[in-house]
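Visitor: I am new to protein models and would like to be walked through one, slowly and with the terms explained.

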Amino acid sequence: MNLHTFYKITSFCCLVFFSLLNIAFGQINPTYLRTEYKVNPFVEEAKPRLSWELEGKGFNKSQSAYQIMVASSEGLLEKNKADLWDSKKVSGNNTNQIEYSGKSIASGQRVYWKVKAWDEKDKEGKWSEIQSWELAKPDANDWQAKWIGIDLNHLAEKAEYHLPPSPYLRKQANLSKKIKSARLYISSLGLHNFYINGEKIGKDFFASGWTDYNKRVYYNVYDVSDKLKAGENVFGAILSNGWYAGYLGYALLVGSPQVKQFYGKFPLLKAQVEVQYEDGSKEQIITDGSWKTSTGAILESDFLEGEKHDARLEPIDWDKVDFDDSKWKNIQVFEDKPGQLLQLYPSNPVRVVEELKAKSIKKIAEGKYIVDFGQNFAGNIHLKLRGKLGDSLVFRYGEMLFPDGSLMVDNLRKARATDTYIFKGDKVEEWSPSFTFHGFQFVEISGLKEEPKLDFLTGLALSSDLDQVGHFESDNAMLNQLYSNIIWTQRANYIDIPTDCPQRDERLGWTGDAQVYMRSAIFNADVAPFHKKWIQDLHDSQWPNGAYPVYSPMPVNEQGVAAIRASDAFSPGWSEAGIICTYEIFKAYNDHRIVRESLPFMNKFMAFLKARTKDGVLKEKSFEDVNPKGGFGDWLSVGEKTSPDLLATTYYFYCNKLMAEMCRAIGDLQLANDYEKESLTVKNGFKKHYMEESGRLKTNSALYGNGEGYVEGQNGFAGHTQTAYANALYSGILNEEDQILAGKFLRELVEANDNKLTTGFLGFKPLLPALTSSGSSDKAYQLLQSTEYPSLGYEVVNGATSIWERWDSFTKDKGFIHNAAMNSFSHYAFGSVNEWMFENMLGIKAKANGYQEIYIQPEIGNYGINKASGSFRSMAGNIKSGWTKTNGELIQQIEIPVNVKAFCFVPVTETASIQINGEPIDNNNIVKSIKKMEGKVMVELGSGNYTIKSKI
Ligand code: BGC
């Protein structure tokens, strides 16, 4: 045996030995340590919350205790010298949201932490790897930098759109000594790119995000230690209007008196570079009156209208040392606005999350080509091409083509969505817009002298950079495509805020869309930081009367009225996002803090609703004061309309229920009881008001007259609709016996409609879950797999690569049959079916907050699907569930993370046929408990990998 083979064999034996040892000793080890949801982040919280996952081989492993150590240096922590906090051994199975309770941390201080765990037998595990967090600038006094900027509005070309050029800002400064470390703290009202010595800092787009800038502005922090050098350094920035001063929403379309500059007239920057020298001394470079400014290559930039870049005007080396800025103007300095908070950006930054290769290029006219990326997405293009000095290319973006191959842009309405690039004419030039994005699959390029090679254009998919946590696949190709469409549509619409669509002149944080989609989003990505931000936006945009708005952020005019469109106020099913989205974060991420912080706002909203009720029922005509009357209702439903007050009452009940649960969780029992009591009043009121003796739901349709002023009011209103039953069942407003009747009516309605749905945004989300909870999973599967109008499958067979606003936004035989003015091809609301796919097809459902206790209850039957599998990385770890049906045998494959208790359902009546990991279930020492139930067996399992076989 040669030495190499000897080593190989011995190391293999060691591996086996230590693996066995691991199982035998069964230790559990913490991994994936996060502080406030992020790995090694900057935070502003004095008491950030710490979370981890656990790894451990074998079965039924759980944590009985943990110990956290926090130290001011890695070195100290390695020696177990926790000079900031030693939690000591704490009993319990908590693995997340544990508040730091040590010594106070100074702003700018990075601290280091590690954790170890004891298993269920009190066996001690290993210390985790060391992770860290750094306190940013929680205190306003930490800021010396000033807001700086310049008004260039007078330089905007006289054209249809008012688009001033971007100001370029620079400052040269000497750093006298050897640098140890440096941080950049940076914020802008509007958007910025920041450069140090010619290098762009960070890969982030659209910082500092969209907020109600009058109340709150965000900053980001970057470690720039290796970007600076002793001696001369240059700091540069380019600014753009963004959400702060650019065009927003459909203001132009609806003829609003104000169409742009909703928060300010031009962008401003505030930046502070803090340098720590090796000798311990410090130095700051701040934005102030010493900065110089000029214009440059970016002649226009706007989210809705696009970007124009004239490379001939790039001030060469403006961001490098020794550039002559004597001709540049002095910048202007602006005061802080009173009451405007400056806080750390809570979400993850918008970044390029995927690069797409062009699939094809087609010539459609002289010099005009269409590039197809094969996927509807939101983002930008990256151009790499050689051109002559002064040659220009014009890029227009569209989601679809007309049958003649030309670009369909009708659905963009007043969004010009056009970029222009003018060549400077030296070697190959590379360019990508900085301050805009488009929703598209196709790009029309005008001005090409000849057909370029396909790789001249790359698609850059932009999205808030959230960790992907879900996976889904099945034996149905249409469903797999549908899942991909859901993922892409979420990415395209989770750009700083959750938007309705990324392409037309809207892109607003519509609250109804966000709330129906919320749980679906959680199964796809770690949305906690993203929604932590948006829930704050919701609170900031709460109306003085307590109502949450229909979209958020919500710019208002001096009269306090919606500035984009005066009638945008509140609506049932939309405004409830303030409660529902907060609840979803609380539930999925075991986040109590968000409940505590949101409580005053949520209470105010609940009081607003309560004032509109009588006997627990949202009084008829109680939302007559909004436009459209009664609110948006079951938006985009097909067929008979569900009465808006019935829907509003169901939502009011649901919110009371969620409030009671949240209040109980944070220990406010009095409030919890109040909400519970109110929910009972609503329940009774609902039955009295909306239910016939037979359990059939009704409404007083005469109240709506000829329906004028209501959304599609001419169709009349009813209570006996799929949407009404689906919401009633989902919300829990019905007594048990009424649930059975509602389930029967819902099934009948689906059958009577040729097994097709009639639901809109509010009705579709609960439809499949309600069918399943009332024993009609066969119908849920039928609706899901349908490829006929109206269904999601219909979109897929008509070529969709994303979720569409309407079931038939486009059809292969009829083309664009709808008013192209409201016909988005990237609208996630109907993607809310993802919730059912994860909770009912894969069967992964939270029993306790944060998925520490779960159900694995897939709906399995002769429903046309024989195989489904997927996973969800929850707050408690990665959960896997899959099942395959073959020749009378069912194989369920389940993976339960350490410290999680799962109640798994096997759809058979007898235990005799069930085997777990090859052993009969009745005599199986890894099973915690077994319970026979009607038509199924419930098996309690702890952590581990399981293969459950049964005869069906
Ligand atoms: C948006 C929707 C939104 C709706 C309000 C539309 O223009 O695109 O998704 O919820 O308005 O009904």
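**Domains, contacts and unusual bonds**

Guide: Over residues 843–916 the chain is 0% helix and 55% strand, and the C-alpha atoms at the two ends are 18 Å apart; helices (H or I, at least four residues) and strands (E, at least two) are DSSP runs, numbered from the N terminus. This is a predicted model, in which local features need pLDDT of at least 70 and side-chain atom pairs count only at pLDDT 80 or more, while totals for chains, interfaces and linings use all residues. Residues are numbered from 1 along each chain as its sequence is written, and side-chain values use heavy atoms, with hydrogens and water left out.

Visitor: Which UniProt annotation covers residues 843–916?

Guide: UniProt positions are given in the numbering used here, with feature names shortened, and annotations may be inferred rather than shown by experiment. With that caution, the unreviewed entry covers residues 843–916 with "domain: Alpha-L-rhamnosidase C-terminal".

Visitor: How much helix does the chain have over residues 467–841?

Guide: For these residues, 467–841, UniProt lists "domain: Alpha-L-rhamnosidase six-hairpin glycosidase", again from an unreviewed entry. The end C-alpha atoms of this stretch are 23 Å apart, strand makes up 5% of the chain there, and helix makes up 49%.

Visitor: What area is buried between domain 1 and domain 2?

Guide: Domain bounds come from an automatic or database domain assignment, which places domain 1 at 3–135 and domain 2 at 140–347. Eight residues of domain 1 are in contact (heavy atoms within 4.5 Å) with 12 residues of domain 2. Buried area is the accessible area (1.4 Å probe) that two parts lose on being put together, summed over both. Carbon and sulfur atoms give 43% of the area buried between these two domains, which in total is about 640 Å².

Visitor: Which three residues supply 70% of the area that domain 1 buries against domain 2?

Guide: The share of 70% on the domain 1 side is more than any other three residues supply. The residues in question are Lys-38, Phe-42 and Glu-44.

Visitor: Which side chains meet in a salt bridge with an N to O distance of 2.7 Å?

Guide: Side chains of opposite charge can pair when their charged atoms come close. A salt bridge is counted here when a side-chain nitrogen of Lys or Arg is within 4 Å of a carboxyl oxygen of Asp or Glu, and across the interface of domain 1 and domain 2 the rule finds one. The side chains that meet at 2.7 Å are those of Glu-134 and Arg-183.

Visitor: Why can the salt bridge of Glu-157 and Lys-308 be said to tie together parts apart in sequence?

Guide: Glu-157 and Lys-308 form a salt bridge whose closest N and O atoms are 3.9 Å apart. Glu-157 lies in the loop between strand 10 (147–149) and strand 11 (167–175), whereas Lys-308 is in strand 21 (residues 306–310), so the pair ties together parts whose separation in sequence is 151 residues.

Visitor: Where is Pro-553, which a cis peptide bond joins to Ser-552?

Guide: Most residues other than glycine have a negative phi, and most peptide bonds are trans. The bond that joins Ser-552 and Pro-553 is cis, with omega about -5°. The place of Pro-553 is in the loop between helix 6 (528–540) and helix 7 (577–589).

Visitor: Which residue does a cis peptide bond join to Tyr-789?

Guide: In this cis bond, omega is about -10°. The partner sits in the loop between helix 14 (777–785) and helix 15 (792–797), and its name is Pro-790.
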